[in-house]
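Me: Please take a close look at the cysteines in this predicted model, and then carry on to the backbone wherever something there deserves a careful reading.

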Amino acid sequence: MEPIHKDLHDNHQFKIYGYKTYRNDTALFKSLKLSFEKYMKIKLEEFSGSTIKEFCLENYHNHLQEVNCDHHQFISSIGRRVDIKHLDMKYIRELIKIANKDFNKEFHIYDSKVEFRVVRPNNEDNNDLHRDHWFPYFTPLVNVYLPLASSYHDSALGIVPFSHEWSEEDVIPTFTYEESVAGKKYIKNGIEYSVPAVEKCSHDINLHRADLTEGDFMLFSPKMVHGGGTNGSHETRFSFEIRLEKT
């Protein structure tokens, strides 16, 4: 399976850099964010048995303290996948239209899956640098990074431009896909991750954090080296992880 950037014209930004940022409708973004914020508020109240009067995503880490909840236990209980019936999907439908036009393809959401990522300030909630295409079924897809809250220069997803063109010999994972299928995990701070991390790399890794404001999103290659990114801000970062597949 070939990565999708191989099929783009030579001067397409995604093909050159391995990623591209886009604008989308700000009002639609706010509706999407509000629907997810309501979802998280309900889930945290159900888990804690407490009422939260003024919940906001950016203040999630403080809400945990208010209701005396363990973050990892809470996220484990609800899972990271969000049933789309809980979301206002108009922004995401428009996102797909933008991707269709720019790539001259017809995309749909892979496995109908929308997952969220959460990284609290000054906590190591992020996963380490990796490549999604180490899981071969991700190779022909397009990754979507959709920040919902607190995606700043010191908290956004980290990517390594041009790394989508690095070979398998250039970037060595901590374990193989076959080992992952057999149940091997990557353990960091007592938390298990099913995705391996970069163990060795023959290139210099210069991490970049794209400048995205509310309503923006980023598409990037599954072959690109990237990681959740530590959060040096004072707010919790939330983002959606979506993958697009050619129809």
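Reply: Cysteine 69 has a relative accessibility of 15%, and because that is under 20% it counts as buried. Cysteine 56, by contrast, has a relative accessible area of 26% and is therefore partly exposed. A disulfide is a covalent bond between the sulfur atoms of two cysteines. The sulfur of cysteine 69 has its closest cysteine sulfur in cysteine 56, at 16 Å, which is too far for a bond, since a disulfide is taken as a pair of cysteine sulfur atoms within 2.5 Å. The count of disulfides in the predicted model accordingly comes to zero, and cysteine 56 is in none, the nearest cysteine sulfur being that of cysteine 69, 16 Å away.

Turning to the backbone, most residues other than glycine have a negative phi. Aspartate 111, which is not a glycine, nevertheless has a positive phi of about 60 degrees; it is found in strand β2, residues 107-119, and its relative accessibility of 44% makes it partly exposed. Serine 150 likewise has a positive phi of about 60 degrees without being a glycine, but it lies in the loop between β3 (142-149) and β4 (158-159), and at 5% relative accessibility it counts as buried. Asparagine 104, just after α5, takes a positive phi of about 55 degrees. The helix α5 itself, residues 90-103, has 14 residues that should span 20 Å at 1.5 Å a residue, and its end C-alpha atoms are 20 Å apart, so the two values agree. Its buried residues are Tyr91, Ile92, Leu95, Ile96, Ala99, Asn100 and Phe103.

Technical notes. Residues are numbered from 1 along each chain as its sequence is written. This is a predicted model: local features need pLDDT of at least 70, side-chain atom pairs count only at pLDDT 80 or more; totals for chains, interfaces and linings use all residues. Side-chain values use heavy atoms; hydrogens and water are left out. Helices (H or I, at least four residues) and strands (E, at least two) are DSSP runs, numbered from the N terminus. Buried means under 20% relative accessible area, exposed over 50%, partly exposed in between (1.4 Å probe, protein chains only). The expected span of a helix is 1.5 Å times one less than its number of residues.
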